[in-house]
Amino acid sequence: MSNKVEIFAHRGLSGLYPENTMAAFKAAVEVGAHGIELDVQMSQDGELVVIHDEKIERTTNGVGYVKDLTLNRLKQYDAGSWFHADFKNENIPTLNEVLEWVKTLPYKLIVNIELKNDRIDYEKLEEKVLRLIHELNLHQQCILSSFNRDSLRRIYEIDHNIETALLFQGVPTDVLSIAKNLHVQGLHCEAVFAQSILGRKASLAGYPIRVYTINTLEGFHSLENTNVSVVMTDFPQMFLSL
């Protein structure tokens, strides 16, 4: 692993703050994370909202699918108390709110936007995300990733220049041919892929290898003999000092 490896805060500094909230993203910046990773779904009225699950029960005090609730309704739910009472009244941010905040930062924070459309195919999700990124002139700071290959194809059809990444699990033997066919620039994978011969081959072929989700020193050190460029973690402060 290169000493130039970057640390991305997975759903923000989610080990110590409620995931995918402004509190978690701001904390990630305070500890010096090179980037943040977040998840995007779409509300009933077509707004881009930052939340991991298709349903809101796990991370809010509400009930239901994101797709069945308007933004106004989603904003009424508490997205912090489930984690700790100190975060009461944290709400579900919109992607616009997060990216507007990113523009105010004193350094170029990388934003890895995962399109959560592998279970629900949100209509026009790719177009809306790309339009927002361009409106805010954040094209050079954003990476779009997804498990949904059709979504990655749609992104490429719309914009040949935005950086994209294929999300996958394990060590699929055909991943390089898939990546080539999808025109993605990066591979977002588990440690087992980065440690494999295929992972090394992918790196030599020019694909940045970004590993999710490493939360222990043992896991971090297991990547020392790999060509990983980014480590995604719930505890960025643990690795930034190494």
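This is a dialogue on reading the overall form, one helix and the cavities of a predicted model.

Trainee: Where do I start, and what is the secondary structure of the protein?

Mentor: Start with the elements. The predicted model has 10 helices and nine strands.

Trainee: What does the radius of gyration say about the protein?

Mentor: Set the value beside the one for a compact globule of that length. For 242 residues the globule would have a radius of gyration near 18 Å, and the protein has 17 Å, so the two agree. Along the principal axes, the C-alpha atoms fill a box of roughly 50 × 40 × 30 Å.

Trainee: How many of the residues count as buried, and how much accessible surface is there?

Mentor: Buried here means under 20% relative accessible area. Of the 242 residues, 55% count as buried. The accessible surface comes to about 11100 Å², and 47% of that belongs to carbon and sulfur atoms.

Trainee: What share of the contacts joins residues 24 or more positions apart?

Mentor: Take the contacts with a separation of 6 or more. Residues 24 or more positions apart account for 55% of these.

Trainee: Why is helix α1 described as largely enclosed by the rest of the structure?

Mentor: Begin with the general idea. An α-helix has 3.6 residues a turn, so residues three or four places apart point the same way. Now the case: α1 covers residues 22-30, and seven of its nine residues are buried, so the helix is largely enclosed. The buried ones are M22, A23, A24, F25, A27, A28 and V29.

Trainee: Which elements do the buried residues of α1 pack against?

Mentor: They pack against three strands, β1 (6-10), β2 (35-42) and β3 (48-50), and against helix α3 (95-102). After α1 comes G32, with a positive phi near 95°.

Trainee: How many cavities of 30 Å³ or more are there?

Mentor: A cavity is a space where the probe fits but cannot get out. There are two of 30 Å³ or more. The largest has a volume of about 70 Å³, and the second largest about 30 Å³.

Trainee: Which residues line the largest cavity?

Mentor: Among them are E19, N20, T21, V50, H52, A79 and P93. By type, the lining divides into five nonpolar, six polar and one charged.

Trainee: Which helix gives the most to the lining of the second largest cavity?

Mentor: Helix α5 (residues 149-158) does, with three residues. The full lining is L152, I155, Y156, D159, H160, I162, T164, L182, H183 and Q185. Five of these are nonpolar, four polar and one charged.

Terms used: Residues are numbered from 1 along each chain as its sequence is written. This is a predicted model: local features need pLDDT of at least 70, side-chain atom pairs count only at pLDDT 80 or more; totals for chains, interfaces and linings use all residues. Side-chain values use heavy atoms; hydrogens and water are left out. On a 1 Å grid over the protein atoms alone, a cavity is a set of points where a 1.4 Å probe fits but cannot get out, and a pocket is an open set with protein on both sides within 12 Å along at least five of seven lines; lining residues have an atom within 4 Å of a point. Grid points are joined across faces, edges and corners, and a volume is the space filled by probe spheres set on the points. Ala, Val, Leu, Ile, Met, Phe, Trp, Tyr, Cys and Pro count as nonpolar, Asp, Glu, Lys and Arg as charged, and the others, Gly among them, as polar. Helices (H or I, at least four residues) and strands (E, at least two) are DSSP runs, numbered from the N terminus. Buried means under 20% relative accessible area, exposed over 50%, partly exposed in between (1.4 Å probe, protein chains only). Contact means heavy atoms within 4.5 Å. The radius of gyration is taken over C-alpha atoms; the globule rule is 2.2 Å times the number of residues to the power 0.38. Accessible areas come from the Shrake-Rupley method with a 1.4 Å probe; for residues, only the protein chains shown count as cover.
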